[in-house]
Amino acid sequence: MKTNSLFVKILSGFIAVIVLLLTFNLVSYTFFHRNIREEITTSSQQNLSHMADRYENHIQSVQLSLVGLFFNNQLSYLFDADRSAAIDAVNQLVKRIRDIRENDMLFLQDVIVQFKMNSFVVHQGGPDRLESLYASTYRSAPYGVDFWRHQFDAGFKLRLYPQAEFTNSQQMSHGDLFPLVLKSTTDPNMYITALLDAESLFRTFDSRTAGYFYILDESGRTLFSSDRSRPFALSFDRLDQTKDDVKADNNYFFFRKGDVTGLTYTLVIPNEKIANQMSRINVVLLLLLVLALVISGALSVFVSIRFYTPIQNIIETIQRYGPQVQSPSPKRIDELGFIDANVKQFLQTNTDISRDLRNQQSHLTHLGYIRKLKNIYTRPNELPIAEKPFYLIVFQLSMTGRFRELPAAEQERAMFFIKEFIGISLSEKYPESVTLQTEKNQVLSLLFTDGEAKGVFEALERFKSVFDRDKQYGYLTVAFKPELVQPGSITESYEDTLEMVGRRKLLSETQLLSSLEPEPLYVGFSPAQEQELYANLQTGQAENVMLLIERALRRMIKDGATEEQFRSFAKEIVAKTIKAMVAANVDIDSVLDRQSPYQEIKLCASVDEYRQLFERFLSQASSRIAERKEKKDPVVEFVLDSIHSKYHEDLSLDRVAGGLGLTPSYVSRYVKEKTGSNFSDYLNEVRIGKAKELLAKSSTPIRDVSARVGYVNVTSFIRMFKKVTGMTPSDYRRSENGP
């Protein structure tokens with residue numbers, strides 16, 4: 001075989017690569033052999049750290065879930081003389097315990113609230129006695145009845161006790177459980193016990209590949225062992241806290257102390273396991289080295305033949321169908337020289353194909369810029385785009401209702417004409433400009449120029465007079481940041497320009513935005529106006545609601561609120577209205593049956609369209625609420641009549657409930673369900689409403705006004721008045737009567 005043959009050249013190259021790879025593998029093998037023990041040690045430390053963090057985080061999560069029980073409002077009623085209130089409190093507490101217990105991520109078998117008084121306990125099964133619970137439901141030799149009684153005398157806030165098996169009176173096992181005891185910082189007569197599933201925790205948090213896992217408390221006592229047949233064999237005082245591991249008794253002890261609980265988490269790996277791992281890895285590396293050598297040799301021959309075969313086929317094809325050419329230079333590889341000599345015959349064909357591709361350049365360029373704008377990954381040089389600075393302009397069309405009434409085909413054609421007009425107009429002054437449609441109602445132009453931004457402003461100002469002729473169909477927003485954009489920053493510049501578009505004012509004209517103007521700091525309703533809005537919604541007074549909204553819209557127009565702020569305000573009004581309908585037990589579907597108001601908000605392009613949306617939606621909602629209010633309820637009517645007629649007296653829920661012959665808790669829940677407001681909130685609203693009338697129509701001293709509306713303490717009256725109206729009584733009087 002000739003040494004100048006392509007096959008010989010390829011095979012020689014592969015053999016050189018194989019030798020290089022073989023050398024690299026030998027060096028790698030030596031390196032790994034030296035460092036494998038250190039890597040295993042580091043991996044064990046990382047695994048232990050991961051498990052310790054998960055145990056610490058889990059104990060914190062359980063603690064946070066249990067702390068809320070200490071502040072449960074129902075605890076104060078447990079020993080109430082009123083038996084119905086006590087039973088209700090117990091049921092509520094049991095429900096809360098079950099809610100916590102049903103969180104599978106906490107791995108809780110049960111949560112037990114222990115009271116010192118009468119050895120009373122409450123757990124997921126309901127109320128019980130200490131002696132009965134731990135003698136029948138949760139029996140465990142280490143944790144008898146006396147153990148749980150002595151917890152009241154122990155001086156700690158949080159403690160985790162060793163795992164133990166718990167069974168019931170029928171000897172059915174609950175498994176190995178961790179008792180976690182949490183004490184209250186304010187009430188020494190109660191504590192909470194959480195029974196954690198020790199085995200489930202270990203299976204979930206275990207990330208080891210070998211060894212044995214232990215949890216030790218601050219005194220060195222073993223709280224958990226992954227293998228009970230192997231007790232912890234190292235003296236606790238030999239765990240040097242300044243190190244991460246200790247080697248003793250032919251074992252490696254890795255340990256870490258929890259930052260929150262103070263527990264010590266230990267991973268014990270016998271030395272023989274590390275040695276076995278090293279031996280297995282050595283064998284695997286040697287096998288891989290041999291396998292790589294065999295495969296590489298076979299593959300080099302196979303690839304050389306496969307690569308040489310198509311070259312021969314190409315040569316045969318050229319010889320059969322191509323023109324006759326001279327013999328190649330003897331200095332070249334025979335086959336490649338022959339192909340090189342014949343390829344020149346096909347260059348003309350390639351030139352013709354290139355000419356056709358250039359005709360499609362514009363489409364590919366547009367695609368390239370769109371992918372850049374959307375930050376879609378494109379391989380280098382995959383799509384043709386210019387790599388030079390440019391000005392970026394976004395044209396955003398806000399369509400009116402008249403435009404949306406056009407057929408879809410007409411709308412698409414209109415946007416096409418807008419894009420073409422913009423592109424042609426800009427290309428007259430900037431021949432290299434690129435204009436493309438990026439969204440249904442958005443056009444983007446890139447102006448490649450070294451000129452100043454002043455010339456761009458002059459070109460854009462001419463668009464305003466043109467597009468304002470068709471304001472009945474839509475309003476154009478032109479966003480232009482007068483800074484040259486580098487090709488690598490096109491996505492960030494596009495996002496900045498879109499943010500400028502979002503600052504458009506809600507005006508019926510073309511707007512040219514060249515900077516990110518600050519938005520008004522205050523839009524929407526004040527706290528007092530929100531209270532007034534909600535009160536009018538609850539009573540179904542649509543006219544009063546529209547007056548409030550109209551005042552807010554006028555203020556937003558005066559302050560120069562942006563289109564995005566108008567949209568946020570509309571969403572807020574819709575949300576509050578739906579909330580009022582839900583509170584009044586109104587069927588929401590009866591109002592939202594045509595179209596979601598949130599979808600209509602997206603289509604609003606002017607203040608008038610927002611007004612029309614509010615008038616339609618609020619009138620329907622108010623009429624439904626008013627119809628609902630007209631349905632009389634004897635209990636609610638008695639409560640509301642009592643408030644309106646006796647608001648100036650020392651009126652209480654107990655007094656009103658007594659007049660009905662019902663319990664206060666039942667009346668409170670019933671009124672809340674029917675009206676959306678509880679008794680005290682409604683009473684305060686009536687009293688403050690009467691106070692506003694007195695302050696506005698008379699010069700009665702504030703102390704006397706307080707007494708006349710039922711507040712004995714004038715300080716409480718002032719505080720409640722400010723909470724409801726957002727201002728003090730004196731400020732309110734001045735705002736109504738002038739200084």
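The following paragraphs lead through two sheets, several helices and a few single residues of this structure. The model is a predicted one.

A sheet is a convenient place to begin. Strands of a sheet pair through backbone hydrogen bonds, and this pairing may be parallel or antiparallel. One open sheet of this model consists of five strands, which follow one another in the order β9-β8-β12-β11-β10, with antiparallel pairing. Strands β9 (222–225) and β10 (245–248) occupy the edges; each has a single partner strand, so one side of each is left without a neighbour in the sheet. From one strand to the next, the twist averages 20°.

The pairings within this sheet can be followed strand by strand. Strands β8 and β9 are joined in the antiparallel sense by three bridges, and in this pairing Tyr-214 stands opposite Ser-225 of β9. Strand β8 (residues 212–216) also pairs with β12, again in the antiparallel sense, over five bridges. Here Tyr-212 has Val-268 of β12 as its bridge partner. Strand β12 is in turn paired with β11 (residues 251–257) by seven bridges, in the antiparallel sense. One of the partnerships involves Lys-257, whose bridge partner in β12 is Thr-264. Strands β11 and β12 form a hairpin with six residues between the strands, and in this hairpin Gly-262 adopts a positive phi near 80°.

Is strand β12 mostly covered or uncovered? Strand β12 (residues 264–270) is mostly covered, since seven of its seven residues are buried. The covering applies to both faces of the strand. On one side Thr-264, Thr-266, Val-268 and Pro-270 are buried, and on the other side Tyr-265, Leu-267 and Ile-269 are buried as well.

A second open sheet is also built from five strands, here in the order β14-β15-β13-β16-β17, and its pairing is mixed. Its edge strands are β14 (434–439) and β17 (511–513), each of which pairs on one side only. The twist in this sheet averages 20° from one strand to the next. Within the sheet, strand β13 (residues 391–399) and strand β15 (residues 442–447) run antiparallel and are joined by six bridges. Gln-396 stands opposite Gln-442 in β15. A helix, α13 (residues 490–502), packs on this sheet and touches β13, β14, β15, β16 (474–480) and β17. The direction of α13 makes about 40° with that of β13.

A residue of another helix may be considered next. Lys-419 has its place in helix α11 (residues 408–429). Is this lysine, Lys-419, buried or exposed? Its relative accessible area is 15%, and a residue under 20% counts as buried, so Lys-419 is buried. Apart from neighbours within four places in sequence, Lys-419 is in contact with Thr-435, Leu-436, Gln-437 and Val-443.

Glu-627, which lies in helix α18 (residues 607–630), offers another case. Its relative accessible area of 45% falls between the limits of 20% and 50%, and therefore Glu-627 is partly exposed. Glu-627 and Val-586 are 41 residues apart along the chain, and their C-alpha atoms are separated by 9.0 Å.

The packing of helices remains to be described. Two packed helices are described by the angle between their axes and by the distance between the axes. Helix α22 (residues 679–697) packs with helix α25 (residues 729–737) at an angle of about 55°, and their axes are 8 Å apart. The two helices α22 and α25 are therefore oblique to each other. The crossing in which α22 passes α25 is right-handed. Lys-692, Leu-694, Leu-695 and Ala-696 of α22 make this contact with Pro-729, Tyr-732, Arg-733, Glu-736 and Asn-737 of α25. Of the residues in the contact of α22 with α25, five are nonpolar, one is polar and three are charged.

Helix α22 also meets helix α24 (residues 714–725): their axes come within 10 Å and cross at roughly 95°. Angles of 65 to 115 degrees count as roughly perpendicular, so α22 is roughly perpendicular to α24. On the side of α22 the contact is made by Asn-684, Ile-688, Ala-691, Lys-692 and Leu-695, and on the side of α24 by Phe-717, Met-720, Phe-721, Val-724 and Thr-725. By class, the contact of α22 with α24 comprises seven nonpolar, two polar and one charged residues.

Note on methods:
Residues numbered from 1 in each chain as written. Predicted model: local features only at pLDDT ≥ 70, side-chain atom pairs only at ≥ 80, totals over all residues. Heavy atoms only, no water. Pairing = 2+ DSSP bridges. Helix = DSSP H or I, 4+ residues; strand = E, 2+ residues; numbered from the N terminus. Axes fitted to C-alpha atoms, helices over the stretch in contact; angles between N-to-C directions. Contact = heavy atoms within 4.5 Å. Buried < 20%, exposed > 50% of the residue type's maximum accessible area, 1.4 Å probe, protein only. Parallel < 35°, antiparallel > 145°, perpendicular 65-115°, else oblique. Left-handed = near helix turned anticlockwise from the far one by under 90°. Nonpolar A, V, L, I, M, F, W, Y, C, P; charged D, E, K, R; others polar.
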